[in-house]
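Reader: I am new to this structure and would like to learn how to read it. Could you walk me through some features, one by one?

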Amino acid sequence: MEMVWITISALLTLAIFSFLYKDNPIYKFAEHLLVGASAGYYFVIYFFNSVKPNLIDEVVKNHHLIPLIPGFLGFLILFRLSRKYGWLSRWSIAFYIGTGMGIYIPVAMQANIIEQLRGTMVETGKVGEPPLFNISSFSLLFSDFNWHNLILAINGPILIIGVLCTLAYFFFSKPHKGALGKFAKVGITFLMVGFGASFGYTVMARVSLLIGRMDFLVNTWFRQLFGL
Amino acid sequence: MKNLLDKFLKMDRRYIFFLVALGVIIPLIVPIGLPVDITKPVKDVYDAIDSLPEGSYVIISLDYDPATIPELDPMAYAILRHCFRKNLKVITMTLLPAGPGVAEMATKTCAKLENKKYGEDYVFLGYKVGVSAVILGIGEDIRIPFPQDYYGTSIDDLPMMKGYKNYDDTEIVITISGTNVPASWVAYAHQRYHVNVASGVTAVMAADFYPYLQTGQMVGLIGGLKGAAEYEKLVGVPGKAFVGMDAQSIIHSLIIILIIIGNIAYFIVRKSKKEGVG
């Protein structure tokens, strides 16, 4: 029986890959099957993990009435389907966004701004660590010149210059001319290096997914099918 | 020469697809065994787990779904096996709705391979809706978001969970994800409850999380199939990531060659067209 499921999975993978040659009905079938199965799966998962335990069970079994309030707000979302009463859904969305932002903003400020600012000032961002622009690392470099000490000395200054120049690029209150323009140009260079790294990682990720499916086709399906 | 380059630029892209397919399939059938070097962010994750005393509680949040299995399954398996070999108390869960099947399979398979017993050495809590609410809830008491495990057993009836309450009892949280969920673990679990967080992510997401390493908000980072292969090597369980690295290296070389040839051809053809017009 397991072999049947493996074969179905392999055939569906090949059906999706067939799009690389050209669009065709077999690909369309596999695509629609994926969308349909995913929609059904997500509906069941959300219902049995959220609606049933948090609303139905709480009200019916435990006789707690408070969950009826978020339940009612959730019900209002469905009014988005109506042109006449669509505005009712805004109440739920406002509540959702309000609480979400209230929870997220303080921790996001700490995690993504304050800690990152500290990270551009001191090594590893921990209190008591030496500053990123560390003069002593330069004196170490001049006394003992090697690759490790060179990287150690220039790492911090590159990071600081990169941050400042990139911020200069996103400063739009003044035309990018003169000194600001030069800083902004350096900032663009840092941005391009960042985008290049991201693109390289993206290529690696996509190739990894291909390897995963090919490994399944070659080493799982094909070998089992022919008893290799 | 110009005609040849012009033809190259107009080449049917299906030839490239065919070359890529060959570049992946051949090393999978005939492995080359290219070396895998260990990088510091991956070693840091390994050291953080390896230095824990026996019986320490570890939360492994397997926040990925079938779409990212090829990249994330190998690192999940390697980390789980490492934790089990160190006799740590492993709590696994998922914050993605399509994650329970994948997370359960990874947990069960690794536990079986390392002869671990459910409820005593590890528990699987399954999925709960609401990423931030779940992470914050565990900070107060894990029984708030997860009163029961995935199989409906009360948390208090599981022997392993008797002495466990919240992040104060947790040595490290490891989140494996192809989404932005690790950022939530950093923001809520690390910033608010000061628990150590390490992460394994898809290569696409890796660049986004490097700033958290610089600041010490993450103790380590495993990025993509390469990171997974490094971890497999460190644990000594070469698996699918290790096998895939040959294909990865060949395809990367092919892409680099095609990009270089494509750019050279583009500039030569453009220059000759300009000269022709002039």
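Reader: Let me start with a pair in a helix of chain B: how many residues apart are Asp44(B) and Lys40(B)?

Author: First, the general idea: side chains of opposite charge can pair when their charged atoms come close. In this predicted model, Asp44(B) and Lys40(B) form a salt bridge, with their closest N and O atoms 2.9 Å apart. Both belong to helix α3 of chain B, residues 40–50, and because they are four residues apart there, about one helical turn separates them.

Reader: Good, that one I can find. How many salt bridges does a search of the whole structure find?

Author: Over all chains, the search gives 14. Across the interface of chain A and chain B, the rule finds one. There the side chain of Asp215(A) meets that of Lys240(B), at 2.9 Å from N to O.

Reader: Which helices of chain A each supply at least two residues of the side that touches chain B?

Author: Look for α2 (25–60), α4 (89–119) and α7 (178–225) of chain A. The largest share comes from α7(A), with 18 residues. Sorted by class, this side of chain A has 23 nonpolar, 13 polar and four charged residues.

Reader: And how do I read the size of such an interface?

Author: The size of an interface is often given as the accessible area lost when the parts come together. Here, chain A and chain B bury about 3700 Å² between them, and 67% of that is on carbon and sulfur atoms. On the chain A side, the residues losing the most area to chain B are Tyr201(A), Met204(A) and Ile211(A), which together make up 16% of what that side buries. You can also count residues: 40 of chain A are in contact with 45 of chain B. As for polar contacts across this interface, the rule finds nine residue pairs, both partners being at pLDDT 80 or more.

Reader: Which residues of chain B does UniProt list as "transmembrane region"?

Author: An annotation comes from a record, and you can then look at the model over the same stretch. The unreviewed UniProt entry lists residues 15–34 and 250–269 of chain B. Over residues 15–34 of chain B, the model is 75% helix and 0% strand, with end C-alpha atoms 26 Å apart. Residues 250–269 of chain B are 100% helix, and their end C-alpha atoms are 28 Å apart.

Reader: What about chain A?

Author: For chain A, the unreviewed UniProt entry gives this annotation to several spans, including 93–114 and 150–171. Residues 93–114 of chain A are 100% helix, with 29 Å between the end C-alpha atoms. For residues 150–171 of chain A, the values are 91% helix and 32 Å.

Reader: Finally, how is chain B divided into domains?

Author: Domain 1 takes in two stretches, 2–30 and 245–277, while domain 2 spans 40–238. Taken over C-alpha atoms, the centres of these two domains of chain B are 40 Å apart.

Definitions and conventions. Residues numbered from 1 in each chain as written. Chains lettered and ligands numbered in written order. Predicted model: local features only at pLDDT ≥ 70, side-chain atom pairs only at ≥ 80, totals over all residues. Heavy atoms only, no water. Domains from an automatic or database assignment. Contact = heavy atoms within 4.5 Å. Buried area = accessible area lost by both parts, 1.4 Å probe. Salt bridge = Lys/Arg side-chain N within 4 Å of Asp/Glu carboxyl O. Polar contact = N/O pair within 3.5 Å; in protein donor to acceptor, adjacent residues only side chain to side chain. Nonpolar A, V, L, I, M, F, W, Y, C, P; charged D, E, K, R; others polar. UniProt positions renumbered as here; feature names shortened; annotations may be inferred.
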